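Colleague: Could you take me through one part of this model slowly, in words that a first-year student can follow?

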Amino acid sequence: MARRIFLSFPISRELRFQVALFSAARFVTDTLFRMVYPFLPVLAQGLGVSVSTITLAVTGRSLTGALGPFLASVGDSRGRKAGMLFGIGIYTLGAGLVVFWPAYPAFFAALTLCGLGTLVFIPSMQAYVGDRVPYQQRGFALALTELSWSISFILGVPLAGFLIARYGWLAPFPLLALLGAI
């Protein structure tokens, strides 16, 4: 049913592909964003710090939200595609940082970078969709990309939990960095 609705979406095939790709990118970024909460104790143990110490990293990431209005303008000043690539690049750098340096300072920096990358990527992506999708279909296109943040908790977080249970606390980070690079 969902596939039929998406395929009958009255925009070009290329734009449908882009909306699907943007939804996938949001799924990846939001999975890392959301997986931290249920696995705080596991991540803290893996990093060798207390849960209260690891929540400081979450607080640092949350504080990056104050920069949102300033970072959102990257897509306006440098172009939508440049903003999206810059944002996903920062995210990928953050996710990859933990892979190469699995320590608390890197984890803190990774969460902060992932938060900053998301603050650049999402407004640029939404502006890109707004520029290209006809007004009558714009709400549907944006709604499809917005679904990914909830689906990331429904599917992405359990997948991260499976990887953590099977391979350890670090396991989701290489996958999320790779998917960010793709």
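**A close look at helix α7 and its surroundings**

Modeller: Let us begin with α7 itself, in what is a predicted model. Helix α7 is made of 21 residues, and from its first C-alpha to its last it reaches 30 Å, which is close to the 30 Å expected at 1.5 Å a residue.

We can then ask which residues of α7 are buried. They are Gly83, Met84, Gly87, Ile88, Ile90, Tyr91, Thr92, Gly94, Ala95, Gly96 and Val98. The cover over these buried residues includes α2 (13-35), α6 (74-78), α8 and α10 (172-181).

Of these covering elements, let us take α8 next. Helix α7 spans residues 80-100 and helix α8 spans residues 104-132, and the two pack with their axes 7 Å apart, at an angle of about 160 degrees. Angles over 145 degrees count as roughly antiparallel, and α7 and α8 are therefore roughly antiparallel to each other. The crossing of α7 and α8 is left-handed. Sorted by class, the contact of α7 with α8 has 21 nonpolar residues, together with five polar and three charged ones.

Within α8, two residues are worth following one after the other. Thr118 lies in helix α8, and because its relative accessibility is 13%, Thr118 counts as buried, the cut-off for this being under 20%. If we leave aside the neighbours within four places in sequence, Thr118 is in contact with Thr29 and Pro123. Pro123 is also found in helix α8, but with a relative accessible area of 24% Pro123 is partly exposed. Not counting residues up to four places away in sequence, Pro123 touches Ala72 as well as Thr118. As for distances, Pro123 and Trp149 are 26 residues apart in sequence, while in space they are 14 Å apart, C-alpha to C-alpha.

Helix α2 is another of the elements that cover the buried residues of α7, and here we can look at Thr31, whose place is in helix α2. Is Thr31 buried or exposed? Thr31 is buried, since its relative accessible area is 3%. When its neighbours within four places in sequence are left aside, the residues in contact with Thr31 are Ser152, Gly156, Val157 and Leu176.

To put the picture together, α7 has its buried residues covered by elements including α2 and α8, and α7 runs roughly antiparallel to α8.

Definitions and conventions: Residues numbered from 1 in each chain as written. Predicted model: local features only at pLDDT ≥ 70, side-chain atom pairs only at ≥ 80, totals over all residues. Heavy atoms only, no water. Axes fitted to C-alpha atoms, helices over the stretch in contact; angles between N-to-C directions. Helix = DSSP H or I, 4+ residues; strand = E, 2+ residues; numbered from the N terminus. Parallel < 35°, antiparallel > 145°, perpendicular 65-115°, else oblique. Left-handed = near helix turned anticlockwise from the far one by under 90°. Nonpolar A, V, L, I, M, F, W, Y, C, P; charged D, E, K, R; others polar. Expected span 1.5 Å × (residues − 1). Buried < 20%, exposed > 50% of the residue type's maximum accessible area, 1.4 Å probe, protein only. Contact = heavy atoms within 4.5 Å.
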